Amino acid sequence: MRRHRPVRQVLAAALALALGALLGGCGGHPAAGAGATGPVPVPAATADPAGPRSGGSGMVTPSARPAPAPKPDGFEVASLPSAVRVPGPPTPPLRLSIPAIGVATPLDRLGLAADGGMEVPGDFARAGWFSAGTMPGQQGPAVIAGHVDSKTGPAVFYRLRELKPGDRVEVERADGVRLRFAVEGQAQYHKASLPTEAVFGPVPVPALRLVTCGGSFDHSRGSYRDNLVVFAHLVGAGR
Amino acid sequence: MRRGTIRLLAAAAVIAAALALAPTGAGAAAPGKAMIRIAHFSPDAAYVDVYVVSLNRNQLFPNVFYKNVSAYWQVNAGPFSYEVRAAGASPSSKPAIRLTGRLQAGHAYTVAAVGPKTNLRAVLLSDDMEATEAGRARVRFIDAAVDLPKVDVAVDGRVLSPKLSFAAPSTYRALPVGKLRVEARRSGGGGVLLRDNLRVRAGTVSSAVLLGGGGQPREVFAFSDATGVRRMPAGGIKTGAGGAARAEGIRPDLLLLAAGLLALGWLVTASRHAVSPARLPAARAHRR
């Protein structure tokens, strides 16, 4: 019995390594701070200039001067969390770059197809922005899709599955403003049961979803069985 | 702890990890995280210091004022507390209001201070991120006006939220988009006490707060809870032609689950051997 124990330990280690490799390689899900120890600040937009607005009065002028802040032990003292400031009016995106996986592509505009589905880029080397949805940098889910492969080989989003939490994604708008997003995680969904709400549904922050195909290829239908979705949120903006 | 038990726990952890990797519908907050924001609707409380304590953060926001609504931020799900003190008051002084609650992972919350400064109250609102119907918006109403009786809220002439009580939010209601006329009428057939416009866009979820009293004008103060796309596309997205498809079609998450189950089977067998009473004396003998 005892003789077997080292063998088991080796096997256990090998299994752990194999699982680790799988975990690293395959589509997890929005795994953002799952393993992180520190806080994950999510810059949010509540003061969306195009958002709902009351027709009432403007801001009230404070009647008294602010008091100096107390300094309790163990507390972070900060002003109220505010949305990432995005310069200029909402503007369509032109380019996408993801340095971690060598993506630098112009963005086509995608709308709704005749069958009610989302259009996909006609060019396998270019990604496209779902222009019937949210503009990147605005509160809500901006959706960018790209092919994983063409009939002959890898396409623009072939390496999307390699993205990890914290990786940077940059979207450049037509007015030159660069929006910086941070990857939260990724998820793989069976196309037949794609939870459209997870991709297109309401979110409280300016978010980005990068979509491509994943899983196995169904040769009889000529399409992949799954969609791979990378989730990211806005962390900065500037010219 | 017996080695067998430890192995079993380890195997359970592996399975749990595999199951956790199965896709979920959540895309708004990271696992184990909740989103929270604070709002201040007390018209005469001037500046206040707001203390928010969650599992992973102790935060103080000094000098919060009337109609301040913060952006959301992420904290660890679980118990949290919210305290409000007059600006500059000692952190060890008795808070004007204190609220404790439990934040659920994947959910979003607004904690608001309402009422006149002599009778401050805290409300914990659970914010909705459900999708809107195509081309429509979703709005809830909250009465935080300190000088209104119970009201019926009407939108474009139709009563939508009858008998709205102070600080008790209505449910989210589907509304047409554009400029809407909002009225707060004295409940039970009284006159109009507040009239304002509200502008909503398709795909948005928002909160509309009735404000007023304490020297402030009556108004509808609206802010966004979440935004989705106006009209969701249907079905999967066809982003691949198969030229780089791997030969075998195994879903990695299923493969991982299978590996986890195999590991469980193997470890359970191993642990049974390890704690088998028949084997114990032999093992001890061997050790000697």
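**Exercise 1. The hairpin of β7(A) and β8(A)**

Task: Find which residue takes a positive phi in the hairpin of β7(A) and β8(A), and how many residues stand between the strands.

Solution: In this predicted model, the hairpin has 4 residues between its two strands, and A:G176 takes a positive phi near 90°. Strands here are DSSP runs of E with at least two residues, helices are runs of H or I with at least four residues, and both are numbered from the N terminus. The next step is the pairing, for which DSSP has to find at least two bridges between two strands. Strand β7 (residues 168-173) of chain A and strand β8 (residues 178-190) of chain A run antiparallel and are joined by 5 bridges, and A:V169 has A:F181 in β8(A) as its bridge partner. On numbering and reliability, residues are counted from 1 along each chain as its sequence is written, and chains are lettered from A and ligands numbered from 1 in the order in which they are written. Because the model is predicted, local features need pLDDT of at least 70 and side-chain atom pairs count only at pLDDT 80 or more, while totals for chains, interfaces and linings use all residues.

**Exercise 2. A further partner of β8(A)**

Task: State how many bridges join β8(A) to strand β10 (residues 223-238) of chain A.

Solution: These two strands run antiparallel and are joined by 12 bridges; one example is A:R178, whose bridge partner in β10(A) is A:G238. To place the strands in the chain, follow the elements of chain A from the N terminus, which run α-β-β-β-β-β-β-β-β-α-β-β, a total of 2 helices and 10 strands.

**Exercise 3. An open sheet in chain B**

Task: Determine which strands of the open sheet β4-β1-β7-β8 (chain B) stand at the edges.

Solution: The sheet consists of 4 strands in the order β4-β1-β7-β8, and its pairing is mixed. The edges are taken by β4 (73-76) and β8 of chain B, each of which has a single partner strand, so one side of each is left without a neighbour in the sheet. From one strand to the next the twist averages 35°, where axes are lines fitted to C-alpha atoms (for helices over the stretch in contact) and angles run from 0 to 180 degrees between N-to-C directions. At the β4 side, 4 bridges join strand β1 (residues 33-40) of chain B to β4(B), the two running antiparallel, and B:A34 is bridged to B:V75.

**Exercise 4. The surroundings of B:P62**

Task: Decide whether B:P62 is buried or exposed, and name the residues with which B:P62 is in contact.

Solution: Begin with the position of B:P62, which lies in strand β3 (residues 58-64) of chain B. A residue is buried if 20 or more other C-beta atoms lie within 10 Å of its own, exposed if 12 or fewer, and partly exposed in between, with C-beta atoms placed from the backbone. B:P62 has 22 other C-beta atoms within 10 Å and is therefore buried. For the second step, two residues are in contact if their C-beta atoms, placed from the backbone, lie within 7 Å. Leaving aside neighbours within four places in sequence, B:P62 is in contact with A:A69 and A:V77 of chain A, and with B:D49 and B:A87 of chain B.
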